[in-house]
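I opened this notebook to keep track of what I looked up, one entry at a time. Two topics are taken in turn, a sheet and a pair of helices.

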Amino acid sequence: MILMKVCLFVKKTEYKEKGINLTPSQLEARNITTINGVVSIFRRRLRPVNKESKALLLKTEGVKSIAPLDCFLGIDKLPFKMAAAAMLECAYWAQDQVSFQRAEEKIKRTLHISIDDDTIRKAAGYIGKAVFEEDCRKADEAWTEFCKRPLVSEPKRKKGVLYIETDGSSVNTRIQDENGSTWHENKLAIFFSTDHVYKWKNKKGEICRKIEKKEYVSYLGSVSEFKKHVLAGAIHNGYGRYEKVVLLSDGAGWIANMKDELFGEDVLQILDFFHLSENVYSYGKAKFKMNESQYIPWADETCKKLRDGKWKEVLGELDPEETYKNTVNLYHYINSNKEHIDYPQYSAMGLFIGSGAIESSNKTIVQRRFKQAGMRWGVSTAQYLMTLVSKWESELWESDVVNRTYKILN
């Protein structure tokens, strides 16, 4: 009680010096949800005594009253009547579970507190927005510097390879495009280096590799903005410090153009063998009318030839004019990517040639949380939540989410 009286006196004096006369209200409670339950704080507010003070307070502070004890305790800026730690729990479970309803259940079971799914959605969106905007600021900053001076590699680069893999995956939204479709492409990039690749030999003596750490960038928007995030991500993960930089992709034109604009010839682009094989099999199914006894041997043999570097032989066997519905023109697909399919050389260099990492990442970042049955998203809601998913999977939760949250709330 003494503390509240002191806070009231100090604030009342402070605002009186600004020409704003305030008077204490009746004692009232404010309930704050914390990770240990709901805490009730009883305090008085200071309200303007006349119209002039009310107008001046609204003009200078943007509020109609002041709660001095709230200011002293640092809870005056808390949205949703929740402590920062509780908001972070909402953000974590919102990105971890398949729905906000499931997040509500998890919070109740683990923390034994009740926070409804709509509040969880809002709290996660609030934090996700702050983190995403900080990412955009860093991306814009990197882009501005890049426009002044293109990326330059260090003279003495460390041994190893920095990998960049990127792909697109559609998310069903509530917004229609010019063609009436509600599906918007999320662009995903991952970064990892050989510093975080664990190697071992299996029982057959074959070398196996496991990527132990990856960083994700997810952007539900245009290539012109996404490329800035790719640039910032590449720099953050050591671009310019490694002997080699490899970009693995599905051969999409926008990815090749982005690579040329950002990195030029400094990056080796490889057509992901997984996507190439996928297109070969899809083409074979159409060519042989789903006859497994014909298309499987043909596709197996074609993929083997491509893996062995015999792409010219494959092109010689394909008809450039032969096309099928819902498949690529395989001749043109291979021909347009012939500079990026020297798989024998890539294998001899010990490089990854398949983007299994990006495929599993699309499942981890996009499909698991955003493509459940019946889901449709607001673009901003999806972006903010996807940012949180990316931060958790990148092991950047503490540095980028927790620290950012406390910074904006303090």
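The entries below begin with the sheet and then turn to the helices.

Entry one, the sheet. I noted before anything else that the model I am reading is a predicted one. I looked up the strand order and found an open sheet of five strands, running 9-6-5-10-11, with mixed pairing. Strand 9 (215–219) and strand 11 (268–271) are at the edges with a single partner strand each, so one side of each has no neighbour in the sheet. From one strand to the next I read an average twist of 20°.

Entry two, one pairing and a helix on the sheet. I followed strand 5 (residues 158–172) and strand 10 (residues 242–249), which pair in the parallel sense over six bridges, and I noted that Ile 164 has Leu 247 in strand 10 as its bridge partner. I then found helix 7 (residues 223–236) packed on the sheet, where it touches strand 5, strand 6 (183–193) and strand 9; the direction of helix 7 makes about 15° with that of strand 6.

Entry three, two helices. I looked up helix 6 (residues 117–148) and helix 15 (residues 379–393), whose axes come within 8 Å and cross at roughly 75°. Helix 6 and helix 15 are therefore roughly perpendicular to each other. Among the residues making the contact I listed Ile 127, Val 131 and Phe 132 of helix 6, and Tyr 384, Leu 385 and Leu 388 of helix 15. Sorting the residues of this contact of helix 6 with helix 15, I have seven nonpolar, four polar and three charged.

Notes:
Residues are numbered from 1 along each chain as its sequence is written. This is a predicted model: local features need pLDDT of at least 70, side-chain atom pairs count only at pLDDT 80 or more; totals for chains, interfaces and linings use all residues. Side-chain values use heavy atoms; hydrogens and water are left out. Two strands pair if DSSP finds at least two bridges between them. Helices (H or I, at least four residues) and strands (E, at least two) are DSSP runs, numbered from the N terminus. Axes are lines fitted to C-alpha atoms, for helices over the stretch in contact, and angles run from 0 to 180 degrees between N-to-C directions. Contact means heavy atoms within 4.5 Å. Angles under 35 degrees count as roughly parallel, over 145 as roughly antiparallel, 65 to 115 as roughly perpendicular and the rest as oblique. Ala, Val, Leu, Ile, Met, Phe, Trp, Tyr, Cys and Pro count as nonpolar, Asp, Glu, Lys and Arg as charged, and the others, Gly among them, as polar.
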